[in-house]
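Visitor: I'm new to reading structures and would love a close look at a single part of this one. Could you pick a spot, take me through it slowly, and then show me how to read other places in the same way?

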Amino acid sequence: MKTIFKKVPVKATMLASALSLGVVAGATVPTLMTGQPAANAEPVQVTTPARPLDFTAVVKAVKPAVVSVQVKTQISTPEGNKFGIPGFPEFRDLPKDHPFNRFFRRFGEEQEGNGEKRKPRPRFGQSQGSGFFISDDGLVVTNHHVIDKGSEFTLVMDDGSELEADLLGSDERSDLALLRVKNPDRKFDYVRFAEELPDVGEWVLAVGNPFGLGGTVTAGIVSAHGRDINARNYESFIQIDAAVNKGNSGGPTFNLKGEVIGVNTAIFSPSGGNVGIAFAIPAEVAKDVVADLKNGGKVKRGWLGVHIQNVSEDIADSLGLAEAAGAMVTHTDETAPAYKAGVQIGDVILAVDDVPVKSTRELARAIGRAEPESDVELTIWREDQEIKLKVHLGLFPDQVSNDTDEQTQPQQPAAPAEVEEFGLELQASPDGDGVAILSVDSNSIAAEKGLAEGDVIQSVAGKKVATIGDVRKQLSDAKSGNRKTILMRVKTKNGVRFVALPLKGN
């Protein structure tokens, strides 16, 4: 085979070598081309090891403190459930002398040998969840909804042994409960609550009893803080993405120190299974509630005694507030601590002990965590200025009535008048308590804001109104004062609320 050599000029060879070096050296090419050194940006550097974390040490330490909670519940049998054929109620109440009476009896009531009716046998069901020891003498934390309506409680340990437990107390609002092992004959491994809230992105472990499988460990991170998932429960929750399923309720979520950062209580799941969104009661809340349950079986909460609503942008504008924040008072009564301290309807509570409250939920949380019979200082917005009021809190009632006053209905309307500004037809209320709404234009701003026939306007721009003339005067005064919106206090069938309506031409 013939090899052909081609002569390459020396200058071309040197240039190719230089270019080759430039490509390899990276910074050499710009230097050669421009004569100036290159300024390269530094890349992002992550100092955290890329290798997977090993959770085995944490799991071995905490797993013996986690238990399965089995709950026995009695199922009530509806009265009047007499014999007959299921699905055919017409056979349930046959006359005593009916020929089919004896034939159908076997489907229902049984009889003793002497013909007397045997007492119905109680029926029982069983539910299960998770829990964990917080003391070596057998105190176990779980969810209220796990033990609710339970009559007997059994704890299944990590080694499979079973222990009977008594219920010390439970709290529906926080969804927490406390059990104690009956006649403990040994010391138990237990865990403690974390002192600090975990950071978003921090690794956590959930341990529990999903689907009754027993001690199961899943890992994930903290996804978010301050989640509000339940209107009845005013506490905020930690969101995690560790796999949590039915049966994990009441179980702990740990940080990598083996401390409980939260008590698993709920999952978001359209399908009923894990989708990576679970919620835990923060350790800070659980620790306070458990202390109360341990010392008396009930949680003591401060009580202010007001009905409140959030402040919208329109309401803030009508009141001259710089931002839409705080909790607006819609109702109180003469027995409430707030009323006795001078809190008025229409006040906006901006802070408790100088800690800002952005919403009704934050106010409820701040007051609920305060000690009953203690004093708090409220920062209130009233008549375009901040004022301070000291309130001596009461003890939160076991049952607070949510009933509202009956809706005032106009009787025999006389001389109704329209307020075209908002698309309302109004009528003075017969009892003198405001102006009733007879109709609302479906295309009006009033309809958009949720005003409806039968609602009663009690005040406009902070002034009580009894006639349509009163309403018109307040509208005129607001426009003269260059207000862009006007605030109305309205009584509806669902309670009292404030509504801000924009003024035309302002």
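Guide: Let's start at Leu-424, whose bridge partner in β23 is Val-440. Please keep in mind that this is a predicted model. Leu-424 belongs to strand β22, which covers residues 424-428. Strand β23 covers residues 435-440, and 5 bridges join β22 to β23, with the two strands running antiparallel.

Now look at the other partner of β22. Strand β21, residues 417-419, pairs with β22 over 3 bridges, again in the antiparallel sense. Within this pairing, Glu-418 stands opposite Glu-425 of β22. The two strands make a hairpin, with 4 residues between them. In that turn you will find Gly-423, which has a positive phi of about 75°.

That positive phi is a good thing to follow further. As a rule, most residues other than glycine have a negative phi. Where might you look for residues that depart from this habit? Asp-384 is not a glycine, yet its phi is positive, about 65°. You will find Asp-384 in the loop that leads from β18 (375-382) to β19 (385-392). Asp-384 counts as partly exposed because its relative accessibility is 47%, and that class lies between the 20% limit for buried and the 50% limit for exposed. Ala-461 is another residue to visit: its phi is positive too, near 55°. Ala-461 sits in the loop between β24 (456-460) and β25 (463-464). With a relative accessible area of 40%, Ala-461 is also partly exposed.

A glycine with positive phi also follows a helix: Gly-297 comes after α6, and its phi is near 80°. Let's stay with that helix for a moment. Helix α6 runs over residues 283-296, and its 14 residues should span 20 Å at 1.5 Å a residue; the end C-alpha atoms are 20 Å apart, so the two values agree. Its buried residues are Ala-283, Val-285, Ala-286, Val-289, Val-290 and Leu-293. These cover an arc of only 145° around the axis, so they sit on the same side of α6. To see how a helix can do this, remember that an α-helix has 3.6 residues a turn, so residues three or four places apart point the same way. The buried residues of α6 pack against several elements, including β5 (162-171), β11 (260-267) and α9 (360-369). On the face turned away from the buried side, you can find the exposed residues Asn-295 and Gly-296.

For a buried residue in a strand, try Gln-309, which is found in β14 (residues 306-310). Gln-309 counts as buried because its relative accessible area is 15%, below the 20% limit. Its side chain reaches the backbone nitrogen of Phe-498 at 2.5 Å. Beyond its neighbours within four places in sequence, Gln-309 is in contact with several residues, among them Ile-315, Met-328, Thr-360 and Arg-497.

Our last stop is a pair of rings. A search of the whole structure finds 3 aromatic pairs. One of them is Phe-133 with Phe-188, a stacked pair with 4.6 Å from centre to centre and 10° between the planes. The two partners are 55 residues apart: Phe-133 lies in strand β2 (residues 123-133), and Phe-188 lies in the loop between β6 and β7 (203-208). Both Phe-133 and Phe-188 are buried.

Notes
Residues are numbered from 1 along each chain as its sequence is written. This is a predicted model: local features need pLDDT of at least 70, side-chain atom pairs count only at pLDDT 80 or more; totals for chains, interfaces and linings use all residues. Side-chain values use heavy atoms; hydrogens and water are left out. Buried means under 20% relative accessible area, exposed over 50%, partly exposed in between (1.4 Å probe, protein chains only). A polar contact is a pair of N or O atoms within 3.5 Å; within protein, one must be able to donate a hydrogen and the other to accept it, and residues adjacent in sequence count only if both atoms are side-chain atoms. Contact means heavy atoms within 4.5 Å. The expected span of a helix is 1.5 Å times one less than its number of residues. The arc is that of the directions from the helix axis to the C-beta atoms. Two strands pair if DSSP finds at least two bridges between them. Rings of Phe, Tyr and Trp (its six-membered ring) pair if their centres lie within 6.5 Å; planes under 30 degrees apart count as stacked, over 60 as edge-to-face and the rest as tilted.
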